[in-house]
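Hi,

Here is the structure I promised to pass on. Have a look at it first, then read my notes underneath with the picture open beside you.

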Amino acid sequence: MAPCLSFFFLFLFAFSAIPANSLPTFFPGAAYQSLIKQAKISKPKLPFKTHYFPQTLDHFTFQPKSSKLFYQKYLINSDYWRKGAPIFVYTGNEGNIEWFAANTGFMLDIAPKFKALLVFIEHRFYGKSMPFGKDSYQSAKTLGYLNSQQALADFAVLITSLTQNLSSEASPVVVFGGSYGGTWFRLKYPHIAIGALASSAPILQFDKLIPWSSFYDAVSQDFKDVSLNCYQVIKGSWAELEAMSTQKQALAELSKTFRTCKSLHSTASARDWLWTAFVYTAMVNYPTKADFMKPLPAYPVQKMCKIIDKIPSGATKLSRAFAAASLYYNYSRSENCFKIEHEVDGHGLHGWDWQTCTEMVMPMTCSKESMFPPSGFDYEEFAEQCQMKYGVSPRPHWITTEFGGERIQKVLKRFGSNIIFSNGMQDPWSRGGVLKNISSSIIALVTEKGAHHVDFRSATKKDPKWLIQLRKQEVEIIQKWLNEYYADL
């Protein structure tokens with residue numbers, strides 16, 4: 001059976017090129033499949049001004065090429081700021097910075113209270129922040145500058161320069177983000193940021209820090225908690241799909257069943273299409289309507305299971321799974337057919353594939369309890385795919401060496417402070433997060449019904465009480481950090 005490839009790669013092989021023995025990978029910070037083309041989609045109007053910072057290519061060597069500059073994009077909102085007030089910085093993830101700004105309304109919501117300057121910094125090699133322009137993805141020679149250490153240094157340099165240019169070096173900086181921006185930046189550059197809010201940061205997803213089956217077990221549990229029948233239908237659909245793939249007219253039948261715009265070239269494409277829908281829906285099972293990965297209703301897992309449970313039992317499990325997955329791809333009912341092998345990358349996530357083939361190695365497996373086919377993680381096969389694609393070998397132990405492995409909690413307790421780890425247990429990435437307080441200043445806020453960084457989303461009138469309370473706690477902790485900073489100053 002095909003291996004459940006590491007997720008932190010979350011998402012990424014071009015659909016038309018997926019071999020039959022591989023499964024889709026997924027991102028933590030954002031999530032979408034890495035696809036062939038980048039979509040030209042309309043961008044939301046955001047209350048930010050766009051700037052570009054002349055950033056150094058290589059912060060850690062002094063080779064002739066090291067001092068080459070590229071222009072790193074960042075967004076600023078100064079509507080509520082006054083000199084000396086805090087600076088709230090979102091450290092970019094794997095995608096266009098506008099996408100994250102549009103889905104992190106929490107920072108805009110709290111800016112007036114703190115009179116904060118808001119800054120959203122784009123991650124190198126994503127969006128418009130391309131060190132080598134259109135040639136940035138040309139080969140390992142250029143992509144070699146895409147790694148977490150360089151990205152963190154980018155943030156540090158830009159923040160330092162910005163505070164100097166504003167003549168506001170005394171303004172306290174609080175960073176917001178996932179594993180990069182939250183935990184790791186605060187650990188590596190504690191002299192630059194006084195605190196960090198790390199929402200849905202799976203910093204324990206690496207090496208052997210948690211069971212490799214945790215991610216897919218969590219996805220499965222989300223569906224099982226809603227409906228045992230729903231879970232069983234999805235679990236049984238893979239065998240039906242595999243059986244269909246052995247038939248003479250398999251691709252023609254699948255193309256008809258999945259209402260594809262063009263005939264399928266691989267049964268793996270249909271499998272990955274279903275797989276992606278169920279995983280991402282579990283991730284973004286928000287209590288209100290949202291348009292993060294795709295336009296979706298409130299509690300989309302429940303809506304998917306309702307579709308499955310309403311279809312008569314005489315229907316095949318595969319057809320019911322397809323009907324449920326269609327909610328993810330076509331909730332807006334604007335699609336007459338599905339471009340299963342011709343999806344486009346609307347958020348600029350294609351660099352994540354490289355990162356997962358180098359340092360972001362997150363092994364994942366599917367246990368017998370999972371609604372996905374049982375499978376293991378084959379590192380040799382994974383490394384071979386990376387060699388074929390990029391000519392590089394993954395370094396599976398580098399992240400735990402650089403940022404802390406089995407003793408990461410002791411490292412945080414001894415060297416870290418002022419970090420909020422926020423996790424929702426309906427988010428499969430939460431299993432790799434910090435779920436218990438490490439010290440009096442390294443706090444874990446855990447919600448049973450929370451999804452992927454749901455606390456970062458804009459507040460709405462329909463927010464449940466637990467979400468309102470979560471954000472209130474975060475604001476109170478940040479206020480405490482600022483009070484202590486100004487008192488010391």
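Start at Ser-167, which you'll find in the loop between helix H4 (148–165) and E6. This is a predicted model, by the way, so read everything below with that in mind. Ser-167 is partly exposed, with a relative accessible area of 47%. Its phi is near 55°, a positive value in a residue other than glycine. Why point that out? Most residues other than glycine have a negative phi.

Asn-418 also has a positive phi, of about 55°, although it is not a glycine. You'll see Asn-418 in the loop between helix H15 (408–415) and E11. Is Asn-418 buried or exposed? At 13% relative accessibility, it counts as buried, because the cut-off for buried is under 20%.

Now zoom out. The protein is divided into domain 1 (49–208 + 398–488) and domain 2 (213–330). Taken over C-alpha atoms, the centres of domain 1 and domain 2 are 33 Å apart. Where they meet, 20 residues of domain 1 are in contact with 17 residues of domain 2. Between them the two domains bury about 1,600 Å², and 65% of that is on carbon and sulfur atoms. Which residues of domain 1 lose the most area to domain 2? They are Gln-426, Pro-428 and Arg-457, which together make up 33% of what that side buries.

Arg-457 turns up again when you look at Ala-290. Leaving aside neighbours within four places in sequence, Ala-290 is in contact with Pro-295, Leu-296 and Arg-457. Ala-290 sits in strand E8 (residues 290–291) and is buried, at 12% relative accessibility. For a sense of scale, the C-alpha atoms of Ala-290 and Ser-148 are 29 Å apart, with the two positions 142 residues apart along the chain.

Next, the largest nonpolar core. It has 142 residues, and those touching the most other members are Phe-88, Phe-176, Phe-185, Phe-223, Phe-278 and Phe-372. Helix H9 (residues 267–283) gives the most to this core, with 10 residues. Domain 1 and domain 2 both give residues to the core, so it lies between them. Try clicking on Phe-278: not counting neighbours within four places in sequence, its contacts include Phe-223, Ile-234, Trp-238, Met-304 and Phe-372.

Two of those contacts of Phe-278, Ile-234 and Trp-238, are also among the buried residues of helix H7, along with others including Cys-230, Tyr-231 and Leu-241. What covers the buried residues of H7? The cover includes helix H6 (214–226), helix H8 (250–257), H9, helix H10 (300–310) and helix H11 (317–330). H7 (residues 228–245) has 18 residues, which should span 26 Å at 1.5 Å a residue, and its end C-alpha atoms are 27 Å apart, which agrees. At the N-terminal end of H7, Ser-227 acts as a cap, with a side-chain oxygen 3.4 Å from the backbone nitrogen of Asn-229.

You can do the same check on helix H16 (residues 465–488). H16 has 24 residues and reaches 35 Å from its first C-alpha to its last, close to the 34 Å expected. Its buried residues include Leu-467, Leu-470, Ile-477, Ile-478 and Trp-481, but Arg-471 and Glu-474 are on that list too. Among the elements covering the buried residues of H16 are strand E4 (87–91), helix H2 (105–114) and strand E6 (173–177).

Last, two buried residues with polar side-chain atoms to look at:

- Ser-129 is in the loop between strand E5 (117–121) and H3, and at 0% relative accessibility it counts as buried. A polar atom of the Ser-129 side chain lies 2.9 Å from the backbone nitrogen of Lys-73. Other residues in contact with Ser-129 include Phe-70, Tyr-71 and His-123.
- Thr-142 is in helix H3 (residues 140–143) and is buried, with a relative accessible area of 9%. A polar atom of the Thr-142 side chain lies 2.9 Å from the backbone oxygen of Ser-136. Beyond four places in sequence, Thr-142 also touches residues including Phe-125, Phe-132 and Asp-135. Phe-125 is 17 residues away along the chain, and the two C-alpha atoms are separated by 9.8 Å.

Have fun turning it around!

Definitions and conventions: Residues are numbered from 1 along each chain as its sequence is written. This is a predicted model: local features need pLDDT of at least 70, side-chain atom pairs count only at pLDDT 80 or more; totals for chains, interfaces and linings use all residues. Side-chain values use heavy atoms; hydrogens and water are left out. Helices (H or I, at least four residues) and strands (E, at least two) are DSSP runs, numbered from the N terminus. The expected span of a helix is 1.5 Å times one less than its number of residues. Buried means under 20% relative accessible area, exposed over 50%, partly exposed in between (1.4 Å probe, protein chains only). Contact means heavy atoms within 4.5 Å. A nonpolar core is a set of buried Ala, Val, Leu, Ile, Met, Phe, Trp, Tyr and Cys residues joined through side-chain atoms within 4.5 Å. Domain bounds come from an automatic or database domain assignment. A polar contact is a pair of N or O atoms within 3.5 Å; within protein, one must be able to donate a hydrogen and the other to accept it, and residues adjacent in sequence count only if both atoms are side-chain atoms. Buried area is the accessible area (1.4 Å probe) that two parts lose on being put together, summed over both.
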